[in-house]
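Here are a few notes to read alongside the model. Have the viewer open and follow each point as you go.

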Amino acid sequence: MEASFPSLTWVSHTSMVTGAFPRETGVLGNAIFNRSLGVQQSFYGDDVFNKDDIVKVKTIYDLVKDRDPTSVTAAISWPLTRGSESLDYIVPESLSQATYNKYSKPFDFLAELARNDIPTERWGAWSALPQSYREDWLTASTAKYLIKTKKPNLLLVHFLVTDSFSHLYGAGSTEGIWAHEYVDGLIKGIVDSITDAGLLDSTTFFIVSDHGFTNVHKSIKPNVLLKLRGLIRVDRDGVVLSEDAITVMNHGCGFVYVLNLEKRDQIIREIKPLLAGLEGVKAVYGVDDFDKLGLPTPVLNPQMPDLVVMADEGYMITEESDLISLLGDAHYSGTHGHDPQEPWMKALFIASGANIARGVKLTDVTVRDIAPTIARLFNTKMPATWPGQGGKYRAGRVLTEILDLPKDPLEEFQPTIP
Ligand SMILES: [Zn+2]
């Protein structure tokens, strides 16, 4: 499955639940620079934003709730769900116990889980990268509890350790493979609880990942280049005095924001070819490329950078601005955020269960197809067909080839033009 561009957790998860490109969802990266506030902001962990502050379009859980307000909806550790009115049960995606305590929904949900032997006071500590298999156990335990006691119509569950261990130890490492086996076992536990609840025949499963991985051996430091060109100025102690441009790191890619608006075009003309010439850089995309990548221009969304520096396989981008070298050691064993059309950055897609045809192999599937397909299973449609057909990336569609459903009469209907 192809992720959205760039292949990052917050970007892809939002495309999964909306069927939309980052251009429409407003979720552009794991980290961005807020031009109006003059600060870098992170979507990583739902500590800063409510879902409605950021996500500009309807999600599948909004649609399910709109269609039938008695539907029970839940999301456990799913990015950017904080504060959603359309979800009855939420445990946010965070690294902070304070965020879990404050924003889990309903307000006494964590206490209710704790009374049922799920140690929710550990959620913060267990969300640290090396511990995240324990967070996943909390997530699976919560999912099983919800299935047993609330019978949700739509349940979103996000496991972390497959990503954490592939970052820490490398994709395909012994620990990375262990993480996948471990999550497979947690999923089995959820399937068993659905069977025990008598819901197996009416349940459809989508088991998906949000991106692939590449093992990295070097990091690229675009901020060193900006410093060498005098675009980042520092005092003798290295403290930044002023900046005409900066890079925000998004692992496999870097977002370059030109802050000097008077010299904006000149600076872009100067640095674009220099960035493209750095070892490990696969491409540098400018404003003219953004639409066909499913991204907005900075005019449409000021959080958007002026340039996106895309790393090649084996490389990642960092924000370091030391003057020692333009390349450094990799910060992780593996990472992502690269071009989602690269074969090594492809994600996983499995659908099975009620209304899914057996044995169909998909050759063309993107994260943007998930929400329209789930909507079809709820006998409804996502509220808009997103543009982008004909660009480098295609818009989301209902994956009719995997569905074992009576034909939708509206899809069959072809108006006769006199
Ligand atoms: Zn990751």
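**Notes on the predicted model**

1. Let's start with one strand pair, and keep in mind that this is a predicted model. Strand 11 and strand 12 (residues 253-258) run antiparallel, and six bridges join them. To find your way in, look for Ala-245, which sits opposite Val-258 in strand 12.

2. Now zoom out to the sheet. It is an open one with four strands in the order 11-12-14-13, and the pairing is antiparallel. Strand 11 (245-250) and strand 13 (281-285) are at the edges with a single partner strand each, so one side of each has no neighbour in the sheet. On average, neighbouring strands here are turned by 20° against each other, ignoring direction.

3. What packs on this sheet? Helix 12 (residues 264-276) does, touching strand 11, strand 12, strand 13 and strand 14 (307-311). The direction of helix 12 makes about 165° with that of strand 13.

4. Next, the domains. The chain splits into domain 1 (9-212 + 343-411) and domain 2 (217-331), and their C-alpha centres are 31 Å apart. Where they meet, 19 residues of domain 1 are in contact with 17 residues of domain 2. On the domain 1 side, strand 1 gives the largest share, four residues. That side is made up of eight nonpolar, eight polar and three charged residues.

5. Finally, try helix 4 (residues 60-67): is it mostly covered or mostly open? Mostly covered, with six of its eight residues buried. Among the buried ones are Ile-60, Leu-63 and Lys-65. Their cover includes helix 1 (9-18), strand 3 (73-76), strand 5 (154-157) and helix 14 (370-377).

Conventions:
Residues are numbered from 1 along each chain as its sequence is written. This is a predicted model: local features need pLDDT of at least 70, side-chain atom pairs count only at pLDDT 80 or more; totals for chains, interfaces and linings use all residues. Domain bounds come from an automatic or database domain assignment. Two residues are in contact if their C-beta atoms, placed from the backbone, lie within 7 Å. Helices (H or I, at least four residues) and strands (E, at least two) are DSSP runs, numbered from the N terminus. Ala, Val, Leu, Ile, Met, Phe, Trp, Tyr, Cys and Pro count as nonpolar, Asp, Glu, Lys and Arg as charged, and the others, Gly among them, as polar. A residue is buried if 20 or more other C-beta atoms lie within 10 Å of its own, exposed if 12 or fewer, and partly exposed in between; C-beta atoms are placed from the backbone. Two strands pair if DSSP finds at least two bridges between them. Axes are lines fitted to C-alpha atoms, for helices over the stretch in contact, and angles run from 0 to 180 degrees between N-to-C directions.
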